[in-house]
Amino acid sequence: MTAALSARVRQIIESPTLAISTEAKRLRSEGVDVIGFGAGEPDFATPDHIVAAARAASDEPAMHRYSPTAGLPALREAIAAKTARDSGLEVDAGQVTVTNGGKHGLFNVFQTLVDPGDEVLLPAPYWVSYPEQITLAGGTVVPLPTTAADGYRVTVDQLEAARTPATKVLVFVSPSNPTGAVQTPQQIREIGRWAADTGIWVITDEIYEHLVYDGAEFASMPVVAPEVASRCVVVNGVAKTYAMTGWRVGWSIAPAPVAAAINRLQSHVTSHVCNVAQRAALAAVDGPMTQVEAMRDTYDRRRHLVHEAFGGIDDVVCPLPGGAFYVFPDVRARLHRPVSGRRITTSLELCNLLLDEAEVALVPGEGFGAPGHLRLSYALSDEELQKGLTRIVDVLQ
Ligand code: PLP
């Protein structure tokens with residue numbers, strides 16, 4: 001049967017983060033008390049005013065019909081206004097394409113910019129879908145390892161050392177999934193200038209823009225390095241900021257000719273995003289930020305809880321992340337020694353053991369290009385978080 005499958009899909013694996021959260025949900029439905037640290041998904045309900053906007057939209061006959069591929073005009077305008085408000089980037093609504101989540105926005109962009117043979121620079125640890133989407137576009141992934149010691153931040157020297165005549169695109173994300181690392185505006189400026197000088201395109205993923213802590217500052221690359229703007233595509237979405245993962249609304253903002261090509265592609269693949277979800281997204285990006293701030297304060301508190309719990313485990317290094325809602329402990333020094341009487345050699349085996357012994361679902365670093373690490377999302381209720389951390393500490397201590 002495998003022979004029937006295209007070479008393209010045979011190259012990719014299922015998203016490990018979705019696979020783990022699906023498995024955790026399955027075990028829960030069977031009555032197992034699993035605590036899921038796997039999904040990058042806020043535990044909060046979508047704010048009421050957003051749900052109310054969707055409810056109202058579903059009563060409007062116009063919302064039951066096809067609408068423009070690139071998104072509802074009012075939403076594209078609101079995204080342009082929100083982008084100027086939040087990151088300072090002035091864009092035209094015509095540059096915005098509304099997509100089925102940020103993930104789909106990224107897929108469109110890779111399909112639009114990357115040809116077979118093109119090299120794509122990808123700082124590691126990286127979010128699991130980037131390499132697969134690059135591969136699906138025929139591109140070659142060039143991972144650039146970063147470490148906890150350097151704050152998981154990529155440098156211009158590293159980028160320059162990896163550059164070849166085939167380098168087409170740099171993927172940049174700050175705050176980052178899986179590490180939570182936030183690059184400083186100065187570092188982002190240097191990277192943007194380097195990209196502009198070398199003629200490399202940048203895809204900058206701003207999905208965690210509002211989740212920064214301790215005075216860490218979010219900076220948008222085309223704002224701090226305007227010289228890269230003509231070769232830069234911004235990807236963003238409502239999922240993480242507004243607790244809207246299930247609504248599936250994201251967007252890309254690209255230079256006009258690239259945006260036109262993205263729209264051409266999307267017109268043959270998904271058409272537009274569900275109108276009702278778009279109207280919910282409009283209420284989100286146009287609406288008050290009070291609940292977003294309250295959610296951020298809660299994540300901030302939980303961030304310290306997780307960091308402190310891991311700080312008490314010998315031979316595990318867990319930097320305090322400056323953004324997003326993940327921690328990414330390095331467990332390499334804890335491998336090759338028995339855990340709960342079992343010999344463990346990889347982070348994948350450790351995650352399997354933690355699921356069996358402690359009933360906690362974590363994602364192993366392998367899928368993020370960083371074997372020997374674990375990713376935990378702390379976007380789960382305080383009670384679950386405490387219970388899960390106690391179980392992890394009991395097994396690893
Ligand atoms: N980019 C990053 C770095 C992410 O972590 C995620 C989700 O986990 C996405 C993009 C996509 O989010 P969505 O497709 O839910 O908008």
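**Entry 1: empty space**

I began with enclosed space and counted 2 cavities of 30 Å³ or more. I keep in mind throughout that this is a predicted model.

The largest cavity came next, and I noted a volume of about 170 Å³ for it. It is lined by 16 residues, and Pro123, Pro125, Tyr152, Val173 and Ser176 are the ones closest to its centre. I looked up which strands take part: β3 (119-124) and β5 (167-173) each supply at least two residues of this lining. By class, I found 11 nonpolar and 5 polar residues around the largest cavity, and no charged ones.

Then I turned to the second largest cavity, which holds about 30 Å³ of space. I wrote down its lining as Lys82, Thr83, Ser87, Glu206, Glu209, Val234, Asn236, Trp251 and Ile253. Two or more of these residues come from each of α4 (73-87), β7 (232-237) and β8 (250-253). Helix α4 gives the most, with 3 residues. Here the classes come out as 3 nonpolar, 3 polar and 3 charged. Charged residues do appear in this lining, whereas the lining of the largest cavity has none.

**Entry 2: the largest pocket**

Which space does the ligand take? I checked, and the ligand occupies the largest pocket.

I put the space in that pocket at about 550 Å³. Its lining counts 30 residues, with Gly40, Lys103, Trp127, Lys240 and Arg248 closest to the centre. Among the elements, α2 (16-29), α5 and α6 (129-136) each bring at least two residues to the lining. I sorted the lining residues of the largest pocket into 12 nonpolar, 11 polar and 7 charged.

**Entry 3: the ligand and its neighbours**

With the pocket described, I listed what surrounds the ligand. I found Gly101, Gly102, Lys103, Trp127, Tyr130, Asn177, Asp205, Ile207, Tyr208, Ala239, Lys240 and Arg248. Lys103, Trp127, Lys240 and Arg248 are in this shell, and I had already met them among the residues closest to the centre of the largest pocket.

Which helix gives the most to the shell? I noted helix α5 (residues 101-113), with 3 residues. The shell residues divide into 5 nonpolar, 3 polar and 4 charged.

I then went through the polar atoms one by one. For glycine 102 the backbone is what counts: a polar backbone atom is 2.7 Å from an oxygen atom of the ligand. Asparagine 177 brings a polar side-chain atom to 2.6 Å from a ligand oxygen. Aspartate 205 also uses its side chain, with a polar atom 2.6 Å from a nitrogen atom of the ligand. I finished with coverage: on its own the ligand has 390 Å² of accessible area, and the protein covers 92% of that.

**Entry 4: backbone details**

I closed with a look along the backbone for cis peptide bonds. Serine 174 and proline 175 are joined by one, with omega about -5°. I placed proline 175 in the loop between β5 and α8 (185-198).

I also found a cis bond running from asparagine 177 to proline 178, where omega is near 20°. Proline 178 belongs to the loop between β5 and α8. I was glad to see asparagine 177 again here, since its side chain reaches a ligand oxygen at 2.6 Å.

My last backbone note is on aspartate 214, where phi is near 55°, a positive value in a residue other than glycine. Aspartate 214 sits in the loop between β6 (201-205) and α9 (221-224).

Technical notes: Residues numbered from 1 in each chain as written. Predicted model: local features only at pLDDT ≥ 70, side-chain atom pairs only at ≥ 80, totals over all residues. Heavy atoms only, no water. Near = heavy atom within 4 Å. Polar contact = N/O pair within 3.5 Å; in protein donor to acceptor, adjacent residues only side chain to side chain. Areas by Shrake-Rupley, 256 points an atom, 1.4 Å probe, with all protein chains shown as cover. 1 Å grid on protein atoms, 1.4 Å probe; cavity = no way out; pocket = protein on both sides within 12 Å on 5 of 7 lines; lining within 4 Å. Sits in = over half its atoms within 2 Å of the grid points. Helix = DSSP H or I, 4+ residues; strand = E, 2+ residues; numbered from the N terminus. Nonpolar A, V, L, I, M, F, W, Y, C, P; charged D, E, K, R; others polar. Points joined across faces, edges and corners; volume = space filled by probe spheres on them.
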